[in-house]
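Biologist: Could you take me closely through the sheet in this model, strand by strand, together with the loops and contacts that surround it? I would like one connected account rather than a list.

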Amino acid sequence: MTGERVPRTTTWTTTPPARPPTIACPECNGLLTYEESYLGGTTSTEQWDRYRCPAHCGTFIHRHRTGRLRRLEGDETASGFDRRR
Ligand SMILES: [Zn+2]
């Protein structure tokens, strides 16, 4: 650690380094619509893919490092992931 401040980089792209997988909605089992990906992180670049359910179940984030899918809650949409809606 050098003590240098690492700038918070936030990059949105529709052409991420890792191909966004096809994911079924955990709520209604329909196919989620891929919107775009978020590249960022503090120590290494991570990729999150943002999906929206066409049946209005909500917005979902797929984290590539863990392979987990979770739904964005209201307060998280204000913290960056969904601000470009
Ligand atoms: Zn759904």
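Modeller: What follows goes through the sheet from one edge to the other, and then turns to the core and the loops.

The model is a predicted one, and within it the protein has 1 helix and 5 strands, arranged along the sequence in the pattern β-β-β-β-β-α. The strands form an open sheet with the order β1-β2-β3-β4-β5 and antiparallel pairing. Its edge strands are β1 and β5, the latter covering residues 68-71, and each of these pairs on one side only. From one strand to the next, the twist averages 25°. As background, the strands of a sheet pair through backbone hydrogen bonds, in either a parallel or an antiparallel way.

Beginning at the β1 edge, β1 and β2 run antiparallel and are joined by 3 bridges, and here W12 stands opposite Y38 of β2. On the next step across the sheet, β2 is joined by 7 bridges to β3, residues 46-52, again in the antiparallel sense, with E36 placed opposite R50 of β3. The hairpin made by β2 and β3 has 5 residues between the strands, and in this hairpin G41 takes a positive phi near 120°.

At the other edge, β4, which spans residues 59-63, pairs with β5 over 4 bridges, and this pairing is also antiparallel. Two of the facing positions can be named: F60 has R71 of β5 as its bridge partner, while H62 stands opposite L69 in β5. The hairpin of β4 and β5 has 4 residues between its strands, and G67 takes a positive phi near 75° there.

F60 also leads from the sheet pairing to the nonpolar core. The largest such core has 5 residues, namely C25, L32, Y51, C53 and F60. If residues up to four places away in sequence are not counted, F60 touches L32, Y51, C53, L69, R70, R71 and L72, a list that includes its bridge partner R71. For the protein as a whole, buried residues make up 13% of the 85 residues.

The loops add two further positions that deserve a careful look. G30 lies in the loop between β1, residues 11-13, and β2, residues 33-40, and G30 counts as exposed because it has 12 C-beta neighbours inside 10 Å, where the cut-off for an exposed residue is 12 or fewer. Although exposed, G30 is in contact with A24, C25, C53, P54 and A55 once its neighbours within four places in sequence are left aside, and among these contacts C25 and C53 are members of the largest nonpolar core. G30 and C53 are 23 residues apart in sequence, with a C-alpha to C-alpha separation of 7.6 Å.

The second position is H56, found in the loop between β3 and β4, and H56 is exposed because 8 other C-beta atoms lie within 10 Å. The C-alpha atoms of H56 and E27 are separated by 9.9 Å, although these residues are 29 residues apart along the chain. Over the whole protein, among contacts with a separation of 6 or more, residues 24 or more positions apart account for 35%.

Terms used:
Residues numbered from 1 in each chain as written. Predicted model: local features only at pLDDT ≥ 70, side-chain atom pairs only at ≥ 80, totals over all residues. Buried ≥ 20, exposed ≤ 12 C-beta atoms within 10 Å, placed from the backbone. Contact = placed C-beta atoms within 7 Å. Core = buried A, V, L, I, M, F, W, Y, C linked by C-beta atoms within 7 Å. Pairing = 2+ DSSP bridges. Axes fitted to C-alpha atoms, helices over the stretch in contact; angles between N-to-C directions.
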